[in-house]
2 protein chains.
Amino acid sequence: MATTSKATWIWYPGDYEIWLGNKMNNRRTERGAFFPPFWKTDSHFVTVEFSTVVELAEAEEVTIAAEGIFNIKLDGKLQFGMPEKFLLPAGKHNLNIKVWNQATPPALYVEGKTVYTDASWRVTFEDKEWIDESGKASDTSATIYMQAGAWNFGREERPSLYKLCREALPAVAVTEADGGKLYDFGRETFGYLVLEGVEGDGEVAVYYGESPEEAQDKAFCETLDRIRFEATTITDLATGKAVERTARYVFDNSKALRYVYVECEGATPAGVSLEYEYAPVTYRGSFKSNDEELNRIWEIGAYTMHLTTREFFIDGIKRDRWVWSGDAVQSYLMNYYLFFDSECVKRTTWLLRGKDPVTAHTNTIMDYTFYWFIGIYDYYMYTGDRAFVKQIYPRMQTMMEYVLGRTNSRGMVEGMTGDWVFVDWADGYLDKKGELAIEQVLLCKSLETMALCAALAEVEEDIPTYEKLAAELRAKLLPTFWNEAKQAMVHNCVEGEQSEAVTRYANMFATFFGYLSEEQQQQIKHSVLLNDEILKITTPYMRFYELEALCVLGEQEAVMGEMKDYWGGMLREGATSFWEKYNPTESGTQHLAMYGRPYGKSLCHAWGASPIYLLGRYYLGVKPTKAGYASYEVRPTLGGLEWMEGTIPTPNGEIRVKMDKQSISVYATEGEGVLHLPTGGDPIRIECGKELTINY
Amino acid sequence: MATTSKATWIWYPGDYEIWLGNKMNNRRTERGAFFPPFWKTDSHFVTVEFSTVVELAEAEEVTIAAEGIFNIKLDGKLQFGMPEKFLLPAGKHNLNIKVWNQATPPALYVEGKTVYTDASWRVTFEDKEWIDESGKASDTSATIYMQAGAWNFGREERPSLYKLCREALPAVAVTEADGGKLYDFGRETFGYLVLEGVEGDGEVAVYYGESPEEAQDKAFCETLDRIRFEATTITDLATGKAVERTARYVFDNSKALRYVYVECEGATPAGVSLEYEYAPVTYRGSFKSNDEELNRIWEIGAYTMHLTTREFFIDGIKRDRWVWSGDAVQSYLMNYYLFFDSECVKRTTWLLRGKDPVTAHTNTIMDYTFYWFIGIYDYYMYTGDRAFVKQIYPRMQTMMEYVLGRTNSRGMVEGMTGDWVFVDWADGYLDKKGELAIEQVLLCKSLETMALCAALAEVEEDIPTYEKLAAELRAKLLPTFWNEAKQAMVHNCVEGEQSEAVTRYANMFATFFGYLSEEQQQQIKHSVLLNDEILKITTPYMRFYELEALCVLGEQEAVMGEMKDYWGGMLREGATSFWEKYNPTESGTQHLAMYGRPYGKSLCHAWGASPIYLLGRYYLGVKPTKAGYASYEVRPTLGGLEWMEGTIPTPNGEIRVKMDKQSISVYATEGEGVLHLPTGGDPIRIECGKELTINY
């Protein structure tokens, strides 16, 4: 995606992301059936006006390319046709280009010596520029303009043709089994299967598996392909799409797999391989320690993140391959400690939000709506990208309007028909009725986020509104849910009555959101977080927050044990990427089942990679204290390790931390940093570009 | 579009109409530049679920075709691939088919012996059918389902390929002029220019004109084409599109014209002709009288309507070719007395509304929003199609929410930035500031319409809300705008103060909406409608309502004079279709100019055809009194004619009326009718299927 010119393709912000996201979400298949999401799929504005004001010392020729039919207006005057070259006269001029495209997002590329398309161009989907009887144009001051959306696509990189990278990947082992062949690619991977040198006419059936059991279970494996070779054609039997027969056939749709079981009838391939598909991210974060198992956990976490960081942050590579807000907000946090791919965060945020009107919660899930809000302020804190907050803020407003339109007389949210109150996959009963404490905690944080983002977006009138709503709700949280006898927040209230149940969820979020007093924090640590009587969490998803809460409470040693136990447990089960769910009490093929299906579980799930975040933020101990690491703190904790070292990426550089039982070194390329020693005392200033080493 | 099967293509209601409308609106060009609308262009839902419940005595094979990628769920279970044939087992089953298509609206065609797609299928853009951990599906009772949209497309008639009819049309005269050739097609017409037998390589330039002056004015004609012939290719120089060179070249985009001026450089066509394009409507209404000029006015009106009745009712065929609400609501009314093409009314209504969220008035024009509401109840009254009101009602709600969000403290609308307060093109100053009387009158009627449609859509809770809002506003109309000294409603109030201006607009609408007392009606007849001191109306658009008001007041004789004067005046100027604007005091090429451009005026404008409506409704005197002509009245008036006869179409039949100075005959094929004699007395019952003749 590199370009030597400053020019880049531009579009209506969010629209390309939504369009590309539809392509991605809709690549899901289930046993040969197309499987799109069950929520509203939005689309792009089909007619978009791009404009800029140019000031030229001399006339300048620009080249113009568009995805769509377009016109050019110079100082309000329409120009003939759709020229590839256009001469801008010297002087100050308004340049407006309108593009129409139903199938893919209207996009524009203009390149000249000084005039070129970039995010500084304005865009609108309705310029409201009518003319009156005399030919006079209307006042367009009420037209809402946004800054153009852009990645860094060069002239030849038409946005609608965007593809991830591919690389050939051979199988590492082949075994004959049951009349077919089982190919093992060595570890969890992703891509397009390739059949080479197919001899004869007939059908080839391919069964994919994250496990050998799945690949060889023709009746229950989650994904499969069937294909027919005839004299001159190759036909995909699921889509009906036929292509000319060639010696090398690459399947149309990508799949997750470690194993492939191939059965042939008449047509036999000489070779089976994979075109591995991946996002070209850089591993900017790193972690090493004296504990080899922990290092392996970090590496497998990083690989899990790489597989699930694609055009967007997806949940898992096998089953949904959809973008889910609850999963994404964790991917964002892990990403800040690994790839620092800001573009992928922005893309995912646009896609998750979709467009107005709001007709459901994000992914239909109430809690996921709240994570969506929270992720935006996280993004701002890590990247300092205020421009993005400004662009997305109007959609935050309409999303919050939707939420507030569904609060009850106490200003709290309860699941209404059509709302999915998810919280977590739990191995036990999780009551979803009435006011769930966790949902109110998340709503409260979302309202605080709205107030902060209103300030960043300079929508002054919104700030007191959201501050007031947040304060009112926060004032109700503990009176409503805290139970002194249980020394914990209860799980929910139904019709104003506290239930008897205590779960970990609200308690852990309230901890790291700082909603509890020091005393209450210590109480819930023992009454809930470290209490085995309380319903155990069996998803890495909620373990993320559970362990984060314990880290906030200074329990890094306990968390280290949990990590080695839980993620180490998956490694000992042979995991080559981390799973959607892991219950250490299960064994064998029990680990593969979920959703009532024997291989329903995803064995490569982004939310499985949380040690990436925990190790960076709570062991190496680095976090921004002002947006974009303008200032930051380093608060390293060995948590039982002998030594550790690692790198934390920052917007334009990195922070390196090294610690053993005697000393700590920190080196940073940007930002105002302070080092907090585990032994306490005043924080020590970290000078930019100079290694700081302290014996403690 | 005929099909022998009962099966038809289905889609999300309104979505196909909006998509097709974009294609149509975006065919506008201005001197070789693409010229899309300046309002928000909406798009279709890209993923749509279609469903039905089947009950089969025996298994049944259906064929399935879709525009898009699709899946099939039988009783909740996904099926393999996208089969063309599918066997439904005997018994009761849920059949769900989900289709995804970004470029064109997802559409579905299923055909079996007893199972087939039609408007009885349900559709949704979000089924919210998630599954929990155990595989159990969610409760989808909050999902909003609509009835499928459909026309009557047979299996081979894929909706995305829909085209109007074409017919070869030769020029009637060719003259050499100025180095080029001027072709005359005899009358205003529309279609695709054809160049035949082009010899040599080089450019051909085509200048279109509704008048010979326009066609020959290369610098100022409104539309033109430039094309280059090379050895093996033909290139359209506006779009850059190149095709293989053939002996017969048909231009891509249609144009309005009577004349074409063709200049060649190097490449010379042997023949120039037209592929006339038209909608295959039936002339179900008719009118004849002793007055040949009046008959000619009706015929030219009908032809004007035919040219502007296309995929949708458009304003005029030359310039915009856009769908405008103010124009459309008049086309609807004329249509009920001519083609009775209900489908075109529904399509146009969907397109004009577009989708949520509402970001501007219809076509950005405040008054056009109100006409949109009013047109829906008109449609119901003429057709009796309550199902359509039910389908469109949710969009009426959100449109009215937008309007009510822009009312002032007195519950009235004033133009805000970004609102186009249009009213009319006037040859004189028309104040658009403050509360315009006409806008409040239209808003009041719109609120009344909302209450009536809420009842039809069975949204009971809305009825009292809108009734109250309508009653409150209506109670304010006369106190606010009536001026006893002027014996009229004034044009506007600015900051609570009546202005001095009186215009015809509010007064004429208040008359036929029945908002004035008998006495006030008689007052405004003399003080406004028949008063030459009041700013004259110079568009057929507002003459429509002006003459309607006079007809309601029994002034058919005066109106007959006006029609012969005004529409007769256009005929005497050589019109072969009626114009966008006509000022009898202008002459020569003055008639061609508008919008500050010498040929800016459209010489074929739907709103020019109002005699079609006036003659049917106020002379033949037929109108429905219950929805869909379940009951109707005939109140014929010669208005100065010797005799007249005509046919009025009804949903499933027609009403024929014949009248001279002695007798009246009426024959009707459906409905409960009554005849009101011009001499007064009790109405006489019209028996269905039996000619009633009365000497009066």
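Two strands count as paired when DSSP finds at least two bridges between them. In this predicted model, strand β26 (residues 492-494) of chain A meets that cut-off with β27(A), the two running antiparallel over two bridges. One residue match can be picked out here: A:Cys493 has A:Gln498, in β27(A), as its bridge partner. Both strands belong to an open sheet of three strands in chain A, ordered β23-β26-β27 and paired in the antiparallel sense. The edges are taken by β23 (435-436) and β27 (497-498) of chain A; each has a single partner strand, so one side of each lacks a neighbour in the sheet.

Elsewhere in chain A, A:Asp320 sits in the loop that links α3 (292-308) to α4 (325-336). With a relative accessibility of 7%, A:Asp320 falls under the 20% cut-off and is therefore buried. Its side chain makes a polar contact of 2.9 Å with the side chain of A:Arg319, and another polar contact, at 3.3 Å, links the side chains of A:Asp320 and A:Arg28. Once neighbours within four places in sequence are set aside, A:Asp320 touches A:Arg28 and A:Asp315.

As for how the chains go together, chain A lands on chain B after a rotation of 180 degrees with 0.0 Å of shift along the axis, at an RMSD of 0.0 Å. The two copies are therefore related as by a two-fold rotation axis. Within chain A, A:Ala103 has the C-alpha nearest that axis, at 1.9 Å. Both copies use the same surface, with 100% of the contact residues of chain A recurring in chain B.

Definitions and conventions. Residues numbered from 1 in each chain as written. Chains lettered and ligands numbered in written order. Predicted model: local features only at pLDDT ≥ 70, side-chain atom pairs only at ≥ 80, totals over all residues. Heavy atoms only, no water. Helix = DSSP H or I, 4+ residues; strand = E, 2+ residues; numbered from the N terminus. Buried < 20%, exposed > 50% of the residue type's maximum accessible area, 1.4 Å probe, protein only. Polar contact = N/O pair within 3.5 Å; in protein donor to acceptor, adjacent residues only side chain to side chain. Contact = heavy atoms within 4.5 Å. Least-squares fit on C-alpha atoms with pLDDT ≥ 70 in both.
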